[in-house]
Amino acid sequence: MNILIFLPWLPYPYDTGGNQAVFNEINAIRRVMNVHLMCFDSPLYRQYREKLCADLPGITIDLYPKLNYKIREMDIPCFLHKMADKIEEKLYTSNYKNVVCKRLSFRHNYDGHWAEYIKALINKYNIDIVQAEFVNTLGIIEVIPESVKTVFVHHQLQYVCNELLLSKKEDREAFMPFAKRMRALEIGYLNLYDAVITLSDVDAEKLKNSGVASTIYSSFAIVQNKYEYIKPVSFDNRLTFVGPENHNPNKVGITWFLDKIWPKVLLRNPQMQLDIIGNWTKETISDYKAKYRNVQFLGFVDVLADVLRGSIMIVPITIGSGIRMKIQEAAQIGIPFVTTIVGVEGLPFKNGKDCFIADREDDFADSILKLQDISLQQSFAESSNILVTSHYSLENLQNNRCCIYESIMK
C-alpha cells in the first residue's frame, strides 16, 4: 500500500510532542507501507529532509516549490478568498488585542498549481491513500482527486480548544459568532474526507457528537523510546513543567497554575521551586519572574530525563484535546505527575493509582504536597511506567494503523 502524507512542517528535530507523534507514526507504518511525505519547501526543510531520510530509511520527501506563478483564470477564486482571509485576519487581530479564539484559514488555501502537483505525485508513486495532518492543512482536501482515499489525522480539535478557552473569558459573547463559524468550517471540511483518525476515543466521540459523518477511527501517538526508567529515590523540592510558550494551552495552563495554585504550595513549602522547560519569550520570562517567586526558565534542554529526575511534573492543562505527550515521557522516565482532567484526557492513567488528577485549585495544591512522599512517588512511577510501556509501543501503533488503513481501503 502506498500512502502520501501531507504535513505543514517536517517533524524535525524531535523536541516537541507533535514532532515526536508524527515521527513515530511514520516509523511505525514505513515497515509495512510505502510512505511518501509532502511539505512546503524551504532551505531549513531541505536540511531536515536529509536527517529524516537517514532516520527513516525507505521514505521519500517531496517539497512543494514556492514559485511566483502567474495567476490563471482557474486560480482567481482561490486568490480572492486568500485576500479576504488576510483582510479578515487583520481586522480581527486589530479589534481584539488579546485574541482568545484562534482564527484558522481552512478555506481555499490551495490553488490549481497545488492540484497539478499533488496529482503528479499520486501518479508518480501510485498512491492509494492521501493523508493530511494538523488542523491548518484541512483545506488540502479541495485539490485531492477523488480517485484516491483521503484521511485526516486530527491531533487536536481546534473548535474544542476555542470553546474551552472562551468559557473562561468574561467577554466571550463578542467571540462566540466567530467561534461558531470556525467550528462549522472545521466540521464541514472533516466531512469531505473518507476517514478521520483521532488520537483518543474521547476526541472520536466528540467529533461524532458534533456532526462529523465521515468514518472516524481512534488511534494514539507515542513518544521516543529513548529514556531508561529509574525509580525515584529523592525529591529536590522541585516541580517541573514541560512545554513551549507558542502552544497556547501551555501558556494558559501555567498562568492558571501560577496565579491560583503556586501561592498555596509556597505557603506550605516555601522551599519549593518551579522549573519551566521549553522555549519562552524574553518578555514572558521577565514578566513571570517579576510576578512569581521561585520560578526559573531552563529553555530547551538536551537530555530531558536528567532535568526531570528528582522532581514532580505538573500538567495544569485546562484547554485542548488530543493527548499530552509530556505525560507519556514522564511515565517512561519514572517521574510522578499531577495533572487535570483535560491534561490526562485520552490517556488511561487513573487518579490515586498512577498519578493525581485534580481540577480544583486546592485539590491540585494538596496533590503536589502529598506527592512529596517518596514511597508514593515510587508507587505512581512504577504503575504509570508499566502502563505506558505495555500499551504505547511502536508495534502496537503499527498494528493499529495497519488495521485502520486496511479498513479504509475496503
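**View 1. Surroundings of Leu274 in the predicted model****.** Leaving aside its neighbours within four places in sequence, Leu274 is in contact with Leu239, Thr240, Phe241, Ile254, Phe257, Leu258, Trp262, Asn294, Val295, Gln296 and Ile314. Leu274 is also, together with Ile254, Phe257, Trp262 and Phe349, one of the residues with the most contacts inside the largest nonpolar core of this predicted model, a core that has 95 residues. Helix H8, which spans residues 248-268, gives the most to this core, with 8 residues. Apart from it lies another core, of 34 residues, and among them are Leu4, Met38, Trp114 and Val130.

**View 2. The open sheet of 6 strands and helix H11****.** The strands of this sheet follow the order E10-E9-E8-E11-E12-E13, and their pairing is parallel. Strand E10 (295-299) and strand E13 (356-357) stand at the edges with a single partner strand each, so one side of each is left without a neighbour in the sheet. Strand E11 (residues 311-315) is joined to strand E12 (residues 337-339) in the parallel sense over 3 bridges, and the bridge partner of Val315 in E12 is Thr339. Helix H11 (residues 325-333) packs on the sheet, where it touches strand E8 (238-242), E11 and E12, and its direction makes about 160° with that of E11.

**View 3. Helix H13 and what covers it****.** In helix H13, which comprises residues 361-370, the buried residues are Phe364, Ala365, Ser367, Ile368 and Leu369. The elements that cover these buried residues include strands E8, E11, E12 and E13 as well as helix H8.

**View 4. The open sheet of 7 strands and helix H2****.** Here the strand order is E3-E2-E1-E4-E5-E6-E7, with parallel pairing. Strand E3 (60-64) and strand E7 (215-218) are the edge strands, and each pairs on one side only. On average, and with direction ignored, neighbouring strands of this sheet are turned by 25° against each other. Strand E6 (residues 195-198) runs parallel to E7 and is joined to E7 by 4 bridges; within this pairing, Val196 has Ile216 of E7 as its bridge partner. Helix H2 (residues 43-55) lies across E2 and E3, and runs at about 170° to E3.

**View 5. Aromatic pairs, with Phe6 and Phe40 as one example****.** The structure holds 22 aromatic pairs. Phe6 and Phe40 form one that is edge-to-face, with 6.1 Å centre to centre and 70° between the planes. This pair links distant parts of the chain, since Phe6 belongs to strand E1 (residues 2-6) and Phe40 to strand E2 (residues 34-40), 34 residues apart. Phe6 counts as buried because its relative accessibility is 1%, whereas Phe40, with a relative accessible area of 23%, is partly exposed. A further pair, between Phe257 and Trp262, is tilted, with 5.9 Å centre to centre and 35° between the planes, and both Phe257 and Trp262 are buried. Ring pairs also link Phe6, Phe40, Tyr64, Trp114 and Tyr117 into a cluster.

**View 6. The cysteines Cys355 and Cys403****.** A search of the whole structure finds 0 disulfides. Cys403 is accordingly in no disulfide, and the nearest cysteine sulfur, that of Cys402, is 7.1 Å away. Cys403 is exposed, with a relative accessible area of 53%, whereas Cys355 counts as buried because its relative accessibility is 0%.

Key: Residues numbered from 1 in each chain as written. Predicted model: local features only at pLDDT ≥ 70, side-chain atom pairs only at ≥ 80, totals over all residues. Heavy atoms only, no water. Core = buried A, V, L, I, M, F, W, Y, C linked by side-chain atoms within 4.5 Å. Buried < 20%, exposed > 50% of the residue type's maximum accessible area, 1.4 Å probe, protein only. Helix = DSSP H or I, 4+ residues; strand = E, 2+ residues; numbered from the N terminus. Contact = heavy atoms within 4.5 Å. Pairing = 2+ DSSP bridges. Axes fitted to C-alpha atoms, helices over the stretch in contact; angles between N-to-C directions. Disulfide = S-S within 2.5 Å. Phe/Tyr/Trp six-rings, centres within 6.5 Å; stacked < 30°, edge-to-face > 60°.
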